[in-house]
Amino acid sequence: MPAELVSVIVPTFNRLGTLPETITSVFSQTHRPIQLIVVDDGSTDGTREYLNSIVPESGCDLIVQCQQQAGAQVARNQGFRRSSGSYIQFLDSDDVLGDTKLARQIEVMKQSHAELCFCKSGIIRNNEIDFETSYFPTPSGISHVRDLLVNITFNTVCGLYTRSVIDRSGLWDERLEVWQDLEFNLKILLNAHNVQYLNEFLCAYRIDSADSVSKSGASLEGSKRRLRTVAKIEQLLMQNTVFGVEEREWLASRYRGLAEHALRSGDNEVAIESFRRAGDFSSSVWKQWFCRIGAYHPKLACKVRTLIGSGVSLK
């Protein structure tokens, strides 16, 4: 039986310094066949000319799509729509795959009928790849959803997805501008029939570079962007049966953190909304926050009390 096609989707924006290493890591895979789809998100550094010069390795097809600057999620979604593989690998243009990543994960997924397999990730620092230092903590094995939320146990470079679970879960949310990996992978975990963790270093995540794709809507304030993503995660969790004490505490903590960020940046509207939502998920969040913040940041605590007492609705 012929091996199944894997589509590797690489969004990129002005990463000519790292993109060749990323593409080489795809061509070096022991698995074949591979369909490599590179979506150039409006680069101006010679990326397009480089892509046009590539000669694919045997068993690899190359598709290059150029678009006007639209952002990471749009680029990934466009790549997915162009793809035809049974398995999907999303790969940022400054990260790399180990030579056996696709082969090992497909082996595990076929044996277990899994729809997602994620692995350990090494790090790339100062252009040196370290496959002995794990960037993401090891999962507890109790709940992949809780591990992802609390510890961020993996991101997209670690995962190999079946096409069917993405079709069922939905594509990248193009309205979100921060923490897109978290929202996307949470959807996958909530919809996947079987998830496997492979305790092997099979990829490397770069920790010392700028973002590998452009960001759209940069004029929006950071606190509003974060609130939008956490509200989407809340919606996903409340629609699912895994919504328990740990998830409620995570939401309360994340909303409280958003509120503090918004207060410091002067966005009172987001601060009040975030504090309200934090209180919805933890009855003790107010007392804990005032005890902690009041001791170290009395002016900030006073500001919150003033806002709450100013007639702003917390319903």
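1. Let's start with two rings. Phenylalanine 90 and tyrosine 161 are both buried. They form an edge-to-face aromatic pair in this predicted model, with 6.0 Å from centre to centre and 65 degrees between the ring planes. Phenylalanine 90 belongs to strand β4 (residues 87-90) and tyrosine 161 to strand β8, so their pairing ties together parts of the chain that are 71 residues apart in sequence.

2. Now have a look at a second pair, phenylalanine 136 with tyrosine 205, which is tilted: the centres are 5.7 Å apart and the planes make 55 degrees. Phenylalanine 136 sits in the loop between β7 (128-130) and α5, while tyrosine 205 is in strand β9 (residues 195-206), so this pair links parts 69 residues apart in sequence. Are these two residues buried or partly exposed? Phenylalanine 136 has 9% relative accessibility, so it counts as buried. Tyrosine 205 has 22%, so it counts as partly exposed; the cut-off for buried is under 20%.

3. How many aromatic pairs does the structure hold? There are 11. Phe90 and Tyr161 turn up again in one aromatic cluster, together with Trp172 and Phe184. When you have found Trp172, look for arginine 76 too: its charged end sits over the ring of tryptophan 172, 4.4 Å from the ring centre. Another arginine to look up is arginine 254, which lies over the face of tryptophan 179, 5.0 Å from the centre of that ring.

4. Next, the inside of the protein. In soluble globular proteins, nonpolar side chains tend to be buried together. Here the largest nonpolar core has 70 residues. Which residues have the most contacts inside it? They are Val8, Tyr161, Ile166 and Leu186, so Tyr161 is worth a second look: it is also part of the aromatic cluster. Helix α9 (residues 245-265) gives the most to this core, with 8 residues.

5. While you're at helix α9, pick out glutamate 247, which has its place there. Its relative accessibility is 0%, so it counts as buried. What does its side chain touch? It makes a polar contact of 2.6 Å with the side chain of arginine 146.

6. Serine 253 is in helix α9 as well, but this residue counts as partly exposed, at 38% relative accessibility. Its C-alpha atom is 9.7 Å from that of glycine 279, and the two residues are 26 apart along the chain.

7. Some backbone spots deserve a closer look. The peptide bond running from arginine 32 to proline 33 is cis, with omega near 5 degrees. Where does proline 33 lie? You'll find it in the loop between α1 (19-27) and β2 (34-41).

8. Then there are two residues other than glycine with a positive phi, one of them asparagine 14, where phi is near 50 degrees. Asparagine 14 is in the loop between β1 (6-12) and α1, and it counts as partly exposed because its relative accessibility is 25%. For isoleucine 152, phi is also near 50 degrees. This isoleucine is in the loop between α5 (144-151) and β8 (159-162), and with a relative accessible area of 31% isoleucine 152 is partly exposed.

9. Stepping back to the whole chain: it has 12 helices and 9 strands. Of its 315 residues, 52% count as buried. If you take the contacts with a separation of 6 or more, 78% of them are between residues 24 or more positions apart. The two aromatic pairs in points 1 and 2 show what that can look like, with partners 71 residues apart in one and 69 in the other.

10. Finally, a word on confidence. The mean pLDDT of the chain is 87, and 86% of the residues reach 70 or more. Where does pLDDT stay under 50? One such stretch is residues 214-220, for which the model has 18 contacts beyond four places in sequence. Another is residues 311-315, with 7 contacts of that kind.

Methods: Residues are numbered from 1 along each chain as its sequence is written. This is a predicted model: local features need pLDDT of at least 70, side-chain atom pairs count only at pLDDT 80 or more; totals for chains, interfaces and linings use all residues. Side-chain values use heavy atoms; hydrogens and water are left out. Helices (H or I, at least four residues) and strands (E, at least two) are DSSP runs, numbered from the N terminus. Buried means under 20% relative accessible area, exposed over 50%, partly exposed in between (1.4 Å probe, protein chains only). Rings of Phe, Tyr and Trp (its six-membered ring) pair if their centres lie within 6.5 Å; planes under 30 degrees apart count as stacked, over 60 as edge-to-face and the rest as tilted. A charge sits over a ring if NZ of Lys or CZ of Arg is within 6 Å of the ring centre and within 35 degrees of the ring normal. pLDDT is the predictor's confidence in each residue, from 0 to 100. Contact means heavy atoms within 4.5 Å. A nonpolar core is a set of buried Ala, Val, Leu, Ile, Met, Phe, Trp, Tyr and Cys residues joined through side-chain atoms within 4.5 Å. A polar contact is a pair of N or O atoms within 3.5 Å; within protein, one must be able to donate a hydrogen and the other to accept it, and residues adjacent in sequence count only if both atoms are side-chain atoms.
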